[in-house]
Every structure is written in C-alpha cells, then in structure tokens.
Amino acid sequence: MQRQVRVELQDQNGHVRRDQRAADHRVAQHAQIAHRVVTLSCSSRRRGLPIMPRLPDRCTRARHERLQPSRYTAIMPVDLDARVVSNVRLSADYNVVHLEAPSLAADAEPGQFVMVKPTFGLRPLLRRPFSIFELLTDAGGTPTGFSLLNKRIGVGTELLYRVEIDQRIGCLGPLGAGFAAVDPPETAWMVAGGVGLAPFLTLASELKRRGTPARLFYGSRSAGDLFYLDAFTRLDVRLVLTTEDGSQGEAGLVTTPLARELERAEATRPTVYACGPTPMMRAVAALAATHDRPCQVSLEPVMGCGMGGCYSCVVPTRATPDAAVHLVRGCIDGPVFDAQRVVWDRLAPVA
Ligand SMILES: Cc1cc2nc3c(=O)[nH]c(=O)nc-3n(C[C@H](O)[C@H](O)[C@H](O)COP(=O)(O)OP(=O)(O)OC[C@H]3O[C@@H](n4cnc5c(N)ncnc54)[C@H](O)[C@@H]3O)c2cc1C
Ligand code: FES
C-alpha cells in the first residue's frame with residue numbers, strides 16, 4: 001500500500017494549497033522545485049537520509065527509515081533570495097561574497113554546497129553550484145549567513161564577481177553530502193588546488209572543534225592566488241604552500257610535498273581530503289591509495305539542478321575494484337566521495 005502524506009505548496013501569488021501526495025522522495029523533490037514549499041521538512045539531520053516530507057506524527061523514526069532507504073540530502077534545503085552584505089575582491093579573478101541567509105547557514109555542514117543564481121534574468125538560465133566557504137555568525141554565535149569564494153570563468157561567475165551590496169541573489173541549499181571529519185587521535189590533511197580551497201574553511205573549523213590536528217597542502221599558480229592563509233592559521237591548521245612559479249612556498253605542484261609527507265606519515269596516519277582540478281584530485285587519490293590512507297574528494301561535475309532531478313552530474317563509481325560501474329548523481333551522493341570509489345578514467349571532463 002502506498003503511503004500518503006500532506007504537503008502545503010505556495011504558488012507564485014502566495015496562495016497556499018494543500019496537496020495529498022505519495023510518500024515518494026521524487027514527488028517531494030519535484031514539488032519543492034516547482035513551488036515554494038511551506039511545510040515539507042525532514043525530521044532527521046543524520047547524514048545520508050533523503051529529502052523527505054514530514055510524515056504524520058504517529059510515524060516513528062524507524063518507519064521513516066524503512067520507507068526511505070536510499071541516500072539523499074540530509075536536511076531540507078531552503079530556497080531564498082540572500083542579501084549581499086559585502087563583496088571583497090581578492091584579485092582580478094577571485095572574490096568573496098558575504099550573504100545574509102540565517103536559515104540556510106543554520107543547517108550547513110562542511111563540504112556542502114549551494115545552487116546560486118546571481119541574476120533574476122535568463123543568462124545564465126540555471127543556477128551554479130558553489131561550496132559554502134565560511135559560515136557567518138553574530139557576536140553571540142548565532143548563524144547570520146555564509147560566504148562564497150568565487151573564481152570567475154564564465155557568465156555566472158562573472159556576475160558573481162560583480163555583485164553589489166544589498167543586491168539579492170537566489171540561493172538554494174545547503175545541498176549534498178559533505179566531508180566526514182575525523183576525530184583525534186587521527187589527523188586530517190586537506191589538499192586544495194586553486195579555488196578548490198572553498199570547502200576547507202568549514203572543514204577546518206569542524207576539525208578544530210573536534211581537536212583533530214590538521215594540515216592544509218595548498219597550491220596555486222602564484223603567491224597572488226593564495227588566499228585566507230591567516231584564517232587557516234587561526235584554526236591551528238599547519239600550512240604547506242606551493243606555487244607553480246615559485247613565488248611563495250615550494251615551487252611546483254601541491255602533490256610533490258604531499259607525496260613526500262605521506263612517506264613520512266607512518267605515525268600520524270592521516271585521512272586525506274582533496275578539492276581542486278580533477279587531475280590533482282586523481283593524483284591525490286592515487287597517492288593516498290599507495291600509502292593505504294583513506295581519501296575523500298570533493299568533485300566538481302557540471303550541475304544543472306543540484307537536487308537529483310536532471311542527471312547532468314553523474315559520477316561513475318565502483319563499490320569494490322572488481323564491481324560493475326555504477327553511475328550516481330554527484331549532487332546527491334556527493335559532491336564528496338570516497339576517492340577509491342570513483343572510476344577516474346570514466347569521469348566526464350569539464351570543458
Ligand atoms: C559542488 C561544486 C562546488 C563548487 N564550488 C565552487 C566554489 O566554491 N567557487 C567557484 O568559483 N566555483 C565552484 N564550483 C565551480 C562552479 O560551479 C563553476 O565554475 C561555475 O558553474 C561556472 O559557471 P559560469 O556560468 O561562470 O561558467 P559557464 O559560462 O557556464 O562556463 C564557462 C566555462 O567553465 C566550464 N565549467 C562549467 N562548470 C564547471 C565546473 N563545475 N568546473 C569547472 N569548469 C566548469 C564550462 O565548461 C566552460 O568552459 C563548484 C562546482 C561544484 C560542482
Ligand atoms: S545536478 Fe541535477 S541531478 Fe545532479
């Protein structure tokens with residue numbers, strides 16, 4: 001028998017109507033995309049649970065889990081027009097946009113992302129995915145919003161580079177499955193290439209909260225493209241810097257000091273986290289495998305919806321080296337994946 005749940009949907013004129021729908025996560029997701037949903041919510045923050053409508057009170061948590069066994073966004077995302085609080089230009093290509101969005105920030109976890117529409121016009125038509133860079137709070141620690149670290153490479157990121165204070169930009173989030181932070185006595189090594197730094201500030205905060213010793217291997221083209229070093233230092237993260245032109249830190253690729261340090265890491269046995277260009281993440285995954293270290297990678301496939309509806313973000317995965325390839329949606333099963341599950345040869349290149 002198919003279970004029915006009641007949802008309340010608000011149309012564009014603000015009229016609320018009640019709707020009797022099957023307790024199917026796809027129906028819930030489509031309802032959410034098509035309308036502003038008033039009462040749909042998920043009662044659990046446990047990682048990996050589906051987006052799910054609130055079931056009648058008599059339904060227990062155990063019954064929720066039996067009804068919805070697959071992995072979906074842990075909490076219900078919010079869709080809002082966030083106010084730009086500031087836009088800090090870090091360089092000719094990079095900026096950080098601070099956004100007022102308390103309800104979105106309140107539930108965000110390290111490594112999650114938001115789908116951003118920096119214009120009310122049609123270009124770009126679709127939202128663009130961005131990692132949550134910083135979680136902003138007031139003096140009392142109450143969440144007030146979040147920031148985005150943006151690198152301009154096309155139409156959407158160009159608009160985000162140019163946003164002005166008090167402008168409103170559409171944000172849907174928090175979305176996706178983020179990083180699993182480790183506890184002491186384990187240690188955490190983050191490896192960032194360029195704008196791949198973006199998901200690591202929230203992870204570094206979480207690691208500090210847990211007391212987990214952390215390092216950041218951070219590579220860029222030149223010294224002018226290394227950002228927020230003080231912020232990581234304040235979080236007790238040990239920095240290992242590289243630049244391709246040798247203008248700061250070690251000259252060359254970030255994987256060189258990583259390989260060297262992994263050779264020496266017998267005692268510390270770190271968990272490795274990586275985000276950056278795909279060849280870098282692939283090299284990091286290979287190094288971690290060679291040294292038998294767990295590795296989580298934050299992939300950046302092209303995303304159309306961010307919520308499992310369009311299949312533009314498929315990632316080829318394998319449960320074990322001999323298992324058949326299984327295509328999963330990067331926006332729901334990821335963006336963070338166990339690096340050994342990713343079938344790197346078959347990952348779609350981002351042009
Ligand atoms: C989960 C996730 C988190 C991300 N976090 C950040 C972040 O914090 N900061 C940030 O600056 N960027 C981030 N990105 C990448 C960002 O989404 C793309 O740079 C953006 O969508 C490009 O949009 P555009 O309109 O500017 O480019 P378009 O005009 O659409 O395209 C310009 C060029 O960029 C290429 N491109 C499109 N999407 C991507 C992509 N995902 N990666 C690389 N190249 C792409 C296109 O193929 C094209 O060549 C993230 C991506 C994902 C999936
Ligand atoms: S972005 Fe649409 S399914 Fe993943």
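In this predicted model, the shell around ligand 1 is made up, by class, of 14 nonpolar, 5 polar and 3 charged residues. Of the 22 residues that surround ligand 1, those that come nearest are Arg128, Pro129, Leu149, Gly156 and Thr157. When the shell is considered by secondary structure, β7 (128–131) provides the largest share, with 4 residues.

The position of ligand 1 can also be described at the level of pockets and domains. Ligand 1 sits in the largest pocket, and the elements that contribute two or more residues to the shell around ligand 1 are the strands β7 (128–131) and β9 (143–151), together with the helix α4 (155–161). Because residues of the shell are given both by domain 2 (78–175) and by domain 3 (187–346), ligand 1 lies between these two domains.

Several polar backbone atoms of the protein are found beside atoms of ligand 1. A polar backbone atom of Pro129 is 2.6 Å from an oxygen atom of ligand 1, and Pro129 is also one of the residues that come nearest to the ligand. In the case of Lys151, a backbone N or O atom lies at 2.8 Å from an oxygen atom of ligand 1, whereas for Glu300 the partner is a nitrogen atom of ligand 1, which is 3.1 Å from a polar backbone atom of that residue. Ligand 1 exposes 860 Å² when it is taken alone, and 80% of that area is buried by the protein.

Some features of the backbone itself were also examined, beginning with the cis peptide bonds. The peptide bond that runs from Arg123 to Pro124 is cis, with omega near 5°, and Pro124 is found in the loop between β6 (113–117) and β7, the strand that gives the largest share of the shell around ligand 1. Pro184 and Pro185 are likewise joined by a cis peptide bond, for which omega is about 10°, and Pro185 belongs to the loop between β10 (168–175) and β11 (187–193).

A further backbone feature concerns a phi angle. Asp292, a residue other than glycine, has a positive phi, near 55°, and Asp292 is placed in the loop that lies between α8 (278–290) and β16 (295–298).

Note on methods. Residues numbered from 1 in each chain as written. Chains lettered and ligands numbered in written order. Predicted model: local features only at pLDDT ≥ 70, side-chain atom pairs only at ≥ 80, totals over all residues. Heavy atoms only, no water. Near = heavy atom within 4 Å. Polar contact = N/O pair within 3.5 Å; in protein donor to acceptor, adjacent residues only side chain to side chain. Areas by Shrake-Rupley, 256 points an atom, 1.4 Å probe, with all protein chains shown as cover. 1 Å grid on protein atoms, 1.4 Å probe; cavity = no way out; pocket = protein on both sides within 12 Å on 5 of 7 lines; lining within 4 Å. Sits in = over half its atoms within 2 Å of the grid points. Nonpolar A, V, L, I, M, F, W, Y, C, P; charged D, E, K, R; others polar. Domains from an automatic or database assignment.
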